[in-house]
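Me: I've got a model open and I'd like to learn how to read it feature by feature. Can you walk me through it?

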Amino acid sequence: MITKRKHLVPIFEYPVTIIIFDDWEDLKGYITEDIYNEPSRGVTIDCNDHCVVCCTPKYSSSIVHEAGHIKNLIWKYIGYTPMRDNDEVDQYLHTYIYEQIIKSLNKHLV
């Protein structure tokens, strides 16, 4: 089963498509064949001006992992270089993205 949700990250106006899947095979037709042919616990696909993230409730740690990829794609999209000694904005964005994925995951589980 698939749950799909489109989300626009505020302030940065960055579109993210969140796909929650039960089994990797559920993603056939939702992601490109080359990515589909490399099964994983989750994946974030960079589409230059937006991204697609696919996560499963089976591996909750993958949600944190994929949220980090999305955060980095947003920084790339807006041309921002994170500051090593002042990473509060980095962590707030990472947390926000994680929470959005969790919202989709919770709807999937209902």
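Me: Let's start with a single residue: where is glycine 79 found?
Reply: Keep in mind that this is a predicted model. Glycine 79 is in the loop that runs between H2 and H3. With a relative accessibility of 65%, glycine 79 counts as exposed. For a sense of scale, its C-alpha atom is separated by 21 Å from that of histidine 7, and the two residues are 72 apart along the chain.

Me: You brought up histidine 7, so which strand is histidine 7 in, and is it buried or exposed?
Reply: Histidine 7 belongs to strand E1, which covers residues 2-9. The cut-off for buried is under 20% relative accessible area. Histidine 7 comes out at 13%, so it counts as buried.

Me: Which residues is histidine 7 in contact with, once its neighbours within four places in sequence are left aside?
Reply: The list is Tyr14, Pro15, Val16, Ile18, Tyr96 and Gln100. As for polar contacts, the side chains of histidine 7 and arginine 5 are joined by one of 3.2 Å.

Me: Now the helices. At roughly what angle do the axes of H2 and H3 cross?
Reply: H2 spans residues 60-78 and H3 spans residues 88-109; their axes come within 9 Å and cross at roughly 125 degrees. To turn an angle into a word, you check which range it falls in: 65 to 115 degrees is roughly perpendicular and over 145 is roughly antiparallel. The H2 and H3 pair is therefore oblique. The crossing itself is right-handed.

Me: Which residues make the contact between H2 and H3?
Reply: On the H2 side you'll find Ile63, Val64, Ala67, Gly68, Ile70, Lys71, Ile74 and Trp75. H3 contributes Val89, Asp90, Leu93, His94, Ile97, Tyr98, Ile101, Ile102 and Leu105.

Me: Where does glutamate 99 lie?
Reply: Glutamate 99 lies in helix H3. Its relative accessible area is 42%, so it is partly exposed. Its C-alpha atom is 12 Å from that of glutamate 66, a residue 33 places apart from it along the chain.

Me: Next, cysteines. How many disulfides does the structure hold?
Reply: Zero. The test is whether two cysteine sulfur atoms lie within 2.5 Å. For cysteine 47, the nearest cysteine sulfur belongs to cysteine 51 and is 7.3 Å away, and cysteine 47 is in no disulfide. Cysteine 47 is partly exposed at 26% relative accessibility.

Me: Why is the sulfur of cysteine 54 not in a bond with the closest cysteine sulfur?
Reply: Because the closest one, in cysteine 55, is 7.4 Å away, which is too far for a bond. Cysteine 54 is also buried, at 0% relative accessibility.

Me: Last topic, backbone angles. What sign of phi do most residues other than glycine have?
Reply: Negative, for most of them. That makes a positive value a handy thing to look up. Isoleucine 11 has a positive phi of about 75 degrees, although it is not a glycine. You'll find isoleucine 11 in the loop between E1 and strand E2 (14-21), and it is exposed at 77% relative accessibility.

Me: And what is the phi of asparagine 48?
Reply: Positive again, at about 70 degrees, and asparagine 48 is not a glycine either. Asparagine 48 sits in the loop between strand E3 (42-46) and strand E4 (51-55). With a relative accessible area of 62%, asparagine 48 is exposed.

Note on methods. Residues are numbered from 1 along each chain as its sequence is written. This is a predicted model: local features need pLDDT of at least 70, side-chain atom pairs count only at pLDDT 80 or more; totals for chains, interfaces and linings use all residues. Side-chain values use heavy atoms; hydrogens and water are left out. Buried means under 20% relative accessible area, exposed over 50%, partly exposed in between (1.4 Å probe, protein chains only). Helices (H or I, at least four residues) and strands (E, at least two) are DSSP runs, numbered from the N terminus. A polar contact is a pair of N or O atoms within 3.5 Å; within protein, one must be able to donate a hydrogen and the other to accept it, and residues adjacent in sequence count only if both atoms are side-chain atoms. Contact means heavy atoms within 4.5 Å. Axes are lines fitted to C-alpha atoms, for helices over the stretch in contact, and angles run from 0 to 180 degrees between N-to-C directions. Angles under 35 degrees count as roughly parallel, over 145 as roughly antiparallel, 65 to 115 as roughly perpendicular and the rest as oblique. A crossing is left-handed if the near helix is turned anticlockwise from the far one by less than a right angle, and right-handed if clockwise.
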